[in-house]
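Trainee: I would like a close look at a single part of this model, described with its cut-offs.

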Amino acid sequence: MPLQQLEALPTEIILSITTHLTNHRDRFHFARCSRRLFDIVYPRTFHSIELAEYCTSDLSWLIHFLLRQRKACLSVENLILDDPIVAEVDELVNYYTGWTIWRKELRHRDNCDAWLALLLYILVNLRSIEWLWVESKTRYAAKLLDEVILRRDQFKESGPLGRLEKVLVKGTGRRAGMIGLKKILPFVYLPSLRVFSAQMVKDFEWFLPETKKGLCSSTVTHLELRQSTTRTGFARLIKLCTGLRSFKYYYEPGPFMFERTATVIAQLETRKETLETLCLDSDSYSMLQGFERQHQWVGSLREFRKLKNLQLQMVHFFHHDQQLPPRRTMVLKLYGSDLSTATPRVRLALVEKGVDAEIHNVDFTKGEQFSASYLEMQPFGKVPFLEDTETGVRVFESRAIAQYIIAKYRGQGTELAPPESDLKAYALYQQALSIEMTYFDPLVSQLAYEKVWKSMKGEGETDEARVKTLLAQLDSILQGYERVLSKQKYLAGDQVTFADLAHLPYGVFVEQFGFADLMAKYPHFQKYWEELKARDSWKKVCASSTGGLF
């Protein structure tokens with residue numbers, strides 16, 4: 001693609017392209033192609049560093065660059081260390097290798113472990129780390145962590161790891177790949193740490209090493225442990241976190257799991273004055289198959305005075321002689337894509353009605369919408385598509401799907417359509433639906449095509465004359481909206497309906513292409529629009545979207 005066309009793309013598309021450049025050296029050179037690209041890409045190039053496929057020379061380049069570029073170094077807040085980068089670390093470092101050989105390893109540039117430790121040392125503004133932990137390949141970093149903790153009063157917030165707020169440590173697999181709690185416990189002593197999460201942790205040792213002098217408590221307020229198992233109820237961890245507000249434990253299924261959750265509750269008794277969120281759940285559906293009848297009453301939670309959020313397995317509420325109620329399963333299957341503006345229409349209806357659905361992503365980049373199996377369900381190769389396994393109904397087209405959900409779950413959540421028995425209200429609702437589909441959608445969808453989809457599909461450059469014509473037509477349509485909304489709050493009356501919500505996906509997407517400027521001329525429509533965007537349902541749909549459209 002010529003540079004001029006690349007520069008003309010919306011900021012969101014340029015940032016999306018940048019995410020596919022996994023090497024920071026490539027991102028840096030991409031940013032230097034032009035002034036506009038530099039202004040967009042460079043500030044975010046080093047904000048989050050994900051080390052997944054680096055070779056040692058690339059890692060060396062990154063660190064030397066950060067050492068020279070102080071501004072870039074200070075911009076780094078997130079660090080993700082994933083499996084491939086850990087796998088590159090050589091076995092050159094003997095278990096008894098001393099700290100004094102660290103510089104020698106750096107000079108040879110043969111050991112990623114030594115370079116990673118240096119990276120941790122220079123990133124003083126680092127806020128979060130996501131780390132795949134392999135004990136034999138993290139010795140230098142672990143040593144650095146110990147040194148920082150011993151001197152934490154000296155460093156405070158100005159030294160290495162001095163502003164670290166969130167840590168996620170992951171094991172490499174069950175059994176041999178699980179992490180002993182005592183290996184990662186030093187993280188909890190970091191003075192600025194607030195959130196500590198770990199996966200595949202084993203806590204089998206009743207007697208952990210005593211804490212170092214002056215390290216009797218931790219500032220961590222949120223603990224989350226997944227695919228983990230314990231015999232002590234994470235006693236040392238809970239004891240250290242004196243201000244614990246949230247504890248989430250997703251345990252491994254097994255014959256003793258409920259005994260262990262009861263042990264955890266016993267340890268949490270010491271935090272009943274501070275705990276606000278408690279989650280005890282299983283990470284595996286297999287628990288429901290083999291251990292469903294192993295009820296374990298965890299006792300009363302009445303003394304947990306500040307508890308606001310609670311998530312427990314149903315078996316924790318029942319004694320051994322009680323029978324579990326039937327389990328609810330999701331009956332709706334929604335096939336869609338985050339790159340589609342139609343799929344969010346359906347998700348809005350689901351959220352407003354409080355209905356869960358099993359989401360299946362149709363990957364446009366792989367052409368899954370044209371596969372034989374999908375065309376059997378949706379003969380036009382479009383999204384979204386809904387299957388109701390309870391009734392056997394299959395339906396496509398976003399508005400039709402939403403109408404089906406609204407009708408099936410009437411009386412639940414927000415009533416997004418009046419009953420057909422109310423002839424006047426139902427007629428006005430159908431009229432509002434027609435306004436959105438006939439007047440609004442054709443213009444904003446064509447505007448989006450000209451500004452984004454046209455060049456992405458290789459069908460030519462943006463026709464600015466056509467864009468100007470579409471905006472003029474849209475301006476005329478907004479005059480009609482203004483007349484309606486000057487007399488009532490929503491298109492069908494004073495209650496919100498799906499006809500209103502259906503405007504959001506495409507409307508929000510084209511705000512950046514002139515729609516927002518048009519709205520400023522019409523105060524009633526602008527107020528209506530801002531209220532729609534402020535709804536919790538739209539915020540949840542946007543938060544769950546990964547396509548970068550909103």
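Which residue in strand 13 does Y335 stand opposite?

Mentor: Y335 stands opposite H360 in strand 13. This is a predicted model, in which local features need pLDDT of at least 70 and side-chain atom pairs count only at pLDDT 80 or more, while totals for chains, interfaces and linings use all residues. Residues are numbered from 1 along each chain as its sequence is written, and side-chain values use heavy atoms, with hydrogens and water left out.

Strand 12 (residues 332-336) and strand 13 run parallel and are joined by four bridges. Two strands pair if DSSP finds at least two bridges between them; helices (H or I, at least four residues) and strands (E, at least two) are DSSP runs, numbered from the N terminus. The wider setting is an open sheet of four strands, with mixed pairing and the order 13-12-14-15. Its edge strands, each pairing on one side only, are strand 13 (358-361) and strand 15 (394-396). From one strand to the next, the twist averages 20°; axes are lines fitted to C-alpha atoms, for helices over the stretch in contact, and angles run from 0 to 180 degrees between N-to-C directions.

Two helices complete this view. Helix 16 (residues 343-353) lies across strand 12 and strand 13 and runs at about 155° to strand 12. Helix 18 (residues 398-408) packs on the sheet, where it touches strand 14 (385-388) and strand 15; contact means heavy atoms within 4.5 Å. The direction of helix 18 makes about 30° with that of strand 14.
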